Amino acid sequence: MITRLLALLALVAAPAFAADNLRPPLLLTGQRADVQDLSGRWTYSKDYYRTGLTDINGWVAKSRMQRHRDLDIAAEEAKPGTAFFEFDLDRGPAMQIPGAWNSAEPELRYYNGLIWFQRRFDIPAPKAGERSFLRFEAVNYRAYVYVNGKEVGRHEGGFTPFVLEVTDALRAQGNRLVVGVDSKHDAQSIPGEITDWDLYGGITRPVKLIRTPATFIDDATLRLTDAGRLVGSVQLNGAQAAGQPVNVQINALGIKAQATTDANGEARFDVAAPATLKRWTPEAPQLYAVRFASGTDAIDDRMGFRTIAVKGSEILLNGKPVMLRGVSIHEEELGANPARRLTDSAARALLSEVKQGLNGNYVRLSHYPHSETMLRAADELGLLVWSEIPVYWTVDWDNPAVLLKAKRQQAETIYRDRNRAALVMWSVGNETPVADNRTRFHAALAATVRELDPSRLISAALLVKRDGDTIQIADPLLAHLDVMAVNTYAGWYGDDKLEDLARLKWALPTDKPLIASEFGADALAGHHDGSAAPKKWSEEFQAAYYRETLAMLARIPNLRGLSPWVLKDFRSPRREHPVFQNGWNRKGLVSETGQRKQAFDVLAEHYRRPN
Ligand code: GCU
């Protein structure tokens, strides 16, 4: 009882987010030398009724069920006495982490609840003053973290990183890291309970143990401004954070700038970009090795420098109009049993289908923040990125705590990705029905984005309104967006025949750029219909749908981007046609194993045509 009370008090005492301070207390961004990757086989223990957290009637969990306890249970059981246990993570089954449990074992395919994971590890003897942190890249959806029996922190949100200090919790040998992962979503979660994608519960991205000096570089940013300057900042953390010299070095540009941290441990840079600087573009994704150093600490990054803006109905990349030739992507690797395990090669396999296969220059990473691996691959390959937080379909619009959760997810994403040149747009929502409370919610999110990252564009994938043959965008949220985006499915959902699309008219504002953020039709790869009017589910229908829809959209004068739904068939519990779906959404241009459908070539040919 005392343990839990102290842990809860510790949480309360932790630097809570004030409404206006959304910066996570620890970031540890950037690539650093002293990192221990804890990927590998982790044992696990199912806890369907959450007895490891709370017992029946809200009582404190029975100690015989508290998975986080720092006990060698086999040794305890060998002793005389009456103690007994109803778990043992040392002797439990194991699965590969990172990776979602739904794909790890058939019995876990639709498990939606709490599972406890354990990783044992040793550490080298710490140097004097050294500090240690655990950085989780993502845990879906709630995480309860214990080291050697002591709660070290919690996190809510399935797609963003969090960092916990464990300096005082570690020992040299046999550390016991226990993580309770609860995949259950509810009416107050972001996203809500129903989505058109798979559960994917678990520790889905890498977990790293990071050692730093007593005062270290917690975060560092640098970007190119419209005025041709490189501006950025470095944030130190530690007792000696204030008044410290910090420098940033870009050898390829002959840059070595120095600044001194203020009383808050922050140093700012503002230097003229040399004429030799090659701006990042999809065609020439130039990245530079950047090193930030202070005292005995240093972090490295590979950064591209470019500008992005809107001017009237144009999107300007480095001051020049750009057309976004893209596709929407879910975070799911190619293969028949994906585990949301996006390694660098898995990310490149997907993105090269866009870059080389479709001749694309853009991806909509829907409907939630994708892994940092994906963002870094987009930087390297040269693909512009739309990033999105999962304010999807509907959430509890009137609940301030839910808005704060969305703002936190947005902030955690911005702080993680703001050095990625490829990332040009933040989306604050997808297909949310127009209502005053919903628009207030999104407007507040847009204001948060504007405050945290004024250098990028803001959008949202909106619903269209249909009035006979006229498709309208009538949404008060438009006033808060730099770029309009709409999802349209005429010819798939609804009564339109494909031949009707030619007569549809679009009534929308023309003073902003428009992206067709979704359109698509299902097809089972290899299912064909050679008739003059191919039926739905066939590759031929999907190809005809793409031809008709692309022709319809091309008539919109301020169309500036396309991200059809979707690159690859993906798992969804909402898609259960026993012949064509079997738990897969089949709107992919390729099948789950990467087999291209006819529509793939229709889009690729469209993107090869000059604008
Ligand atoms: C919606 C939604 C997607 C969904 C798609 C579909 O627009 O944004 O998440 O998968 O339509 O119906 O396939």
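How many residues surround the ligand, and which are the closest? In this predicted model, 14 residues surround the ligand, and the closest are Asp-196, His-367, Glu-431, Tyr-493 and Glu-518. Beyond the ligand site, the structure holds 22 aromatic pairs, and two arginine side chains, Arg-23 and Arg-109, lie over the rings of Tyr-415 and Tyr-110, respectively.

**Ligand surroundings**

- His-367, which is among the closest residues to the ligand, places a polar side-chain atom 2.7 Å from an oxygen atom of the ligand.
- Two glutamates from that list of closest residues also come up to ligand oxygen: a polar side-chain atom of Glu-431 lies 2.4 Å from an oxygen atom of the ligand, and a polar side-chain atom of Glu-518 lies 2.5 Å from an oxygen atom of the ligand.
- On its own the ligand has 320 Å² of accessible area, and the protein covers 96% of this area.
- Sorted by class, the shell around the ligand is made up of 5 nonpolar, 4 polar and 5 charged residues.

**Aromatic pairs**

- One of the 22 aromatic pairs in the structure is formed by Trp-397 and Phe-441, whose rings meet edge-to-face, with 5.1 Å from centre to centre and 75° between the planes.
- Trp-397 lies in the loop between β23 (384-388) and α5 (400-417), whereas Phe-441 belongs to helix α6 (residues 436-452), so the pair ties together parts of the protein that are 44 residues apart in sequence.
- Both partners of this pair, Trp-397 and Phe-441, are buried.
- Elsewhere, ring pairs link Tyr-44, Tyr-48, Tyr-49, Trp-101, Tyr-111 and Phe-117 into a cluster.

**Arginine over aromatic rings**

- The charged end of Arg-23 sits over the ring of Tyr-415, at 5.8 Å from the centre of that ring.
- Arg-109 lies over the face of Tyr-110, and here the distance to the ring centre is 4.9 Å.

**Ile-203 in its loop**

- Ile-203 is found in the loop between β9 (175-182) and β10 (207-212).
- The relative accessibility of Ile-203 is 0%, and because residues under 20% are classed as buried, Ile-203 counts as buried.
- Along the chain, Ile-203 and Gln-595 are 392 residues apart, and their C-alpha atoms are separated by 29 Å in the model.

Technical notes: Residues numbered from 1 in each chain as written. Predicted model: local features only at pLDDT ≥ 70, side-chain atom pairs only at ≥ 80, totals over all residues. Heavy atoms only, no water. Near = heavy atom within 4 Å. Polar contact = N/O pair within 3.5 Å; in protein donor to acceptor, adjacent residues only side chain to side chain. Areas by Shrake-Rupley, 256 points an atom, 1.4 Å probe, with all protein chains shown as cover. Nonpolar A, V, L, I, M, F, W, Y, C, P; charged D, E, K, R; others polar. Phe/Tyr/Trp six-rings, centres within 6.5 Å; stacked < 30°, edge-to-face > 60°. Helix = DSSP H or I, 4+ residues; strand = E, 2+ residues; numbered from the N terminus. Buried < 20%, exposed > 50% of the residue type's maximum accessible area, 1.4 Å probe, protein only. Lys NZ or Arg CZ within 6 Å of the ring centre and 35° of its normal.
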